[in-house]
Amino acid sequence: MLGAAGPFLRPQRRAGAEERRRRVAPLAASPPPAERGEEPLLRGIFEIGKRSCDVVLSARRLRWSPIVPESPAGGTGREEIVEMKDVFSVKLKRRRFVGQKKGGTLLGITIFKCLHKEENKLTDCAVHLNNLSEDHCNSWFRHLKEILNGFQNRPKSLKVFVNPSSHKREATHVYYEKVAPLFKLADIKTDVTVTEYEGHALSVLKECELQAFDGVVCVGGDGSVSEVAHGLLLKAQIDAGKGTDYIPAPVRASVPLGVIPAGEAKQYCYILSVICFKSLWHVL
């Protein structure tokens, strides 16, 4: 009986082997996971530049493209991208009456970013995301702020020295008219010292509690920069308990130095319009 049954069992064994081969056959390669930080957090419609746009926010980028209803399948136009690392501020945009400081009609969200004008030079520009929905805008605003607050290397508080004698006495105007508004826009707190004599910044830094600041900014010429750099290094040696007459291996300054040129001689650094927002520090 076993012999008679043999021929019937062999085809079953072959069928089983073929089935096993089918089961272990390699699967089609799965699509690669999305690049870290590229997963969409929000998607919605805003008016940008008088065009309705499909806008997508991820932890790394803000992307949008115009919606093109006249195309056969709907679809979108050319995509534009803002890197979130280039954004230094985001504000809710409101229409207010003259003299009105709070409230107002919500118009949307304004995003302020650094724009590469030339190599080693930056300027600021704004992107307006218009939408009249309070809930929609507040949700997007909250997510945008969370992303910006997640950048750990951004300064929150700065000690600023301004030499009013630099650049034909225009350094004070340069700071208060061009730089201070950007610091305020980026929610950076500042403690400003307008120097009154040579060595003023040095004497202030020797007594300054630098742990209260994320950096020091100097607005002035090469003499001002040299004095502030000297003060930072001197303060570091004093805090480390080292003598200051001869220092073969000086302790590094505890905070970075940012330079905003406002002197006749500018050989010591490149001109940077928004020096702090991308952590482009001249560290000495």
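**Exercise 1. State which residue just after α6 takes a positive phi, and describe the helix that precedes it.**

Solution. In this predicted model, the residue to look for is Gly241, which follows just after α6 and has a positive phi of about 75 degrees. Turning back to the helix itself, α6 covers residues 222–239, 18 residues in total. From its first C-alpha to its last, α6 reaches 26 Å, which is close to the 26 Å expected at 1.5 Å a residue. The next step is to ask which of its residues are buried, and these include Val225, Val228, Ala229, Leu232 and Ala236.

**Exercise 2. Determine whether Ala253 is buried or exposed, and which residues it is in contact with beyond its neighbours within four places in sequence.**

Solution. Begin with the position: Ala253 belongs to the loop between α6 and β11, the latter being residues 257–261. Its relative accessibility is 14%, and because buried means under 20%, Ala253 counts as buried. Setting aside the neighbours within four places in sequence, the contacts of Ala253 are with Leu232, Leu233 and Ala236. Finally, take the pair Ala253 and Leu232, which are 21 residues apart in sequence, yet their C-alpha atoms are 5.8 Å apart in space.

**Exercise 3. Give the strand order of the open four-stranded sheet, identify its edges, and place the helices that pack on it.**

Solution. The order is β9-β8-β10-β11, with parallel pairing. The edges are β9 (189–194) and β11, since each has a single partner strand, so that one side of each is left without a neighbour in the sheet. On average, neighbouring strands here are turned by 20 degrees against each other when direction is ignored. For one pair in detail, β8 (residues 157–162) and β10 (residues 215–220) are joined in the parallel sense over five bridges, and Leu158 has Gly215 as its bridge partner in β10. Helix α5 (residues 200–207) packs on this sheet, where α5 touches β8 and β9 and runs at about 155 degrees to the direction of β8. Helix α6 also packs on the sheet, touching β8, β10 and β11, and its direction makes about 160 degrees with that of β10.

**Exercise 4. Establish how many disulfides the structure holds, and examine Cys125.**

Solution. The count is zero disulfides. For Cys125, the nearest cysteine sulfur is that of Cys114, at 8.6 Å, and Cys125 is in no disulfide because a disulfide requires sulfur atoms within 2.5 Å. As to accessibility, Cys125 is partly exposed, with a relative accessible area of 22%, whereas Cys53 is buried, with a relative accessible area of 2%.

Key. Residues numbered from 1 in each chain as written. Predicted model: local features only at pLDDT ≥ 70, side-chain atom pairs only at ≥ 80, totals over all residues. Heavy atoms only, no water. Buried < 20%, exposed > 50% of the residue type's maximum accessible area, 1.4 Å probe, protein only. Helix = DSSP H or I, 4+ residues; strand = E, 2+ residues; numbered from the N terminus. Expected span 1.5 Å × (residues − 1). Contact = heavy atoms within 4.5 Å. Pairing = 2+ DSSP bridges. Axes fitted to C-alpha atoms, helices over the stretch in contact; angles between N-to-C directions.
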